[in-house]
Amino acid sequence: CGELVKEKSVEELSQKLYIVVNEQSDGETELYRPEWYFSTAQLNTVAFSSFFGRALSTKNLAFRTIFVDDPISHFDDMNVLGFSDMIRSIIESMDCQIIMSTHDRKIYNILRRKLDDQYYSSCFINLATNE
């Protein structure tokens with residue numbers, strides 16, 4: 001683990017391309033970086049959540065489409081299920097189109113099962129392989 005960062009301000013740290021957590025306790029502020037404590041998979045989940053949050057909150061776009069290439073290949077099974085629930089929630093509540101690609105058959109099957117086109121406005125395309 002790393003040491004707490006105290007010599008830099010939040011503004012200085014936020015200009016970098018990493019996440020800084022600002023924790024206040026008993027009148028003292030402590031800044032730390034999650035990569036000191038999180039696994040790579042957890043950091044990828046945080047980064048992906050940040051990406052989706054920003055993409056969904058952006059206003060005045062000509063069209064509301066998010067393109068994602070193999071977004072969850074680094075997720076464990078529990079996070080894949082959570083991701084599919086999040087996508088389902090977005091489909092149900094937002095006027096947004098999500099186009100995703102994956103090479104992982106397991107992920108494709110999970111998403112196809114959890115986002116069945118009988119119940120959701122979804123479409124799955126399976127590209128043929130030359131095997």
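A salt bridge, for this talk, is a side-chain nitrogen of Lys or Arg within 4 Å of a carboxyl oxygen of Asp or Glu. By that rule, the structure holds two salt bridges. One caution before I go on: this is a predicted model.

Let me set the scene first. The protein has four helices and four strands. Starting at the N terminus, the order is α-β-β-α-β-α-β-α. There are 131 residues, and 22% of them count as buried. Now take contacts between residues at least 6 apart in sequence. Of those, 54% join residues at least 24 apart.

Back to the salt bridges. Which residues take part? Start with Arg88 and Asp85, whose side chains meet at 2.5 Å, N to O. Both residues lie in helix 3. They are three residues apart, about one turn of the helix. As a general point, side chains of opposite charge can pair when their charged atoms come close.

The second bridge uses Asp85 again, this time with Lys114. Here the closest N and O atoms are 2.9 Å apart. This pair links distant parts of the chain: Asp85 sits in helix 3, Lys114 in helix 4, and 29 residues separate them. Put the bridges together, and Asp85, Arg88 and Lys114 form one network through shared partners.

Are these three buried or exposed, or something in between? Arg88 has a relative accessible area of 22%, so Arg88 is partly exposed. Asp85 comes out at 32%, also partly exposed. Lys114 has 21%, and is partly exposed too. The cut-off matters here: buried means under 20%. Lys114, at 21%, therefore does not count as buried.

Next, helix 4 itself. Ile107, Tyr108, Ile110 and Leu111 are buried there. Why do we say they share a side of helix 4? Because they cover an arc of only 165° around the axis, which puts them on the same side. And what covers these buried residues? Helix 3 and strand 4 are included in that cover.

Those elements come up again at the largest pocket. How much space lies in the largest pocket? About 790 Å³. Its lining is made by 23 residues. Nearest the centre lie Met100, Ser101, Cys123, Phe124 and Ile125. Three elements give two or more residues to the lining: helix 3 (77-93), strand 4 (97-101) and helix 4 (105-114). Strand 4 supplies the largest share, five residues. What is the chemistry of the lining? It divides into 13 nonpolar residues, eight polar and two charged.

So helix 3, strand 4 and helix 4 are worth having on screen together. Helix 3 and strand 4 help cover the buried residues of helix 4. Each of the three elements also gives two or more residues to the pocket lining. And a salt bridge runs from Asp85 in helix 3 to Lys114 in helix 4.

Two more spots, then I'm done. The first is Asp26. Where is Asp26 found? In the loop between strand 1 (21-25) and strand 2 (28-32). Phi of Asp26 is near 55°, a positive value in a residue other than glycine. Most residues other than glycine have a negative phi. Asp26 is also exposed, with a relative accessible area of 78%.

The second spot is Thr40, in helix 2, which covers residues 40-57. Thr40 counts as exposed, at 59% relative accessibility. Look across to Phe75. Thr40 and Phe75 are 35 residues apart in sequence. In space, C-alpha to C-alpha, the distance is 9.9 Å.

To close, here is what to find in the model. Find the network of Asp85, Arg88 and Lys114. Then find the pocket, with Met100 and Ser101 among the residues nearest its centre. Last, look at Asp26 and its positive phi.

Definitions and conventions
Residues numbered from 1 in each chain as written. Predicted model: local features only at pLDDT ≥ 70, side-chain atom pairs only at ≥ 80, totals over all residues. Heavy atoms only, no water. 1 Å grid on protein atoms, 1.4 Å probe; cavity = no way out; pocket = protein on both sides within 12 Å on 5 of 7 lines; lining within 4 Å. Points joined across faces, edges and corners; volume = space filled by probe spheres on them. Nonpolar A, V, L, I, M, F, W, Y, C, P; charged D, E, K, R; others polar. Buried < 20%, exposed > 50% of the residue type's maximum accessible area, 1.4 Å probe, protein only. Arc of directions from axis to C-beta. Contact = heavy atoms within 4.5 Å.
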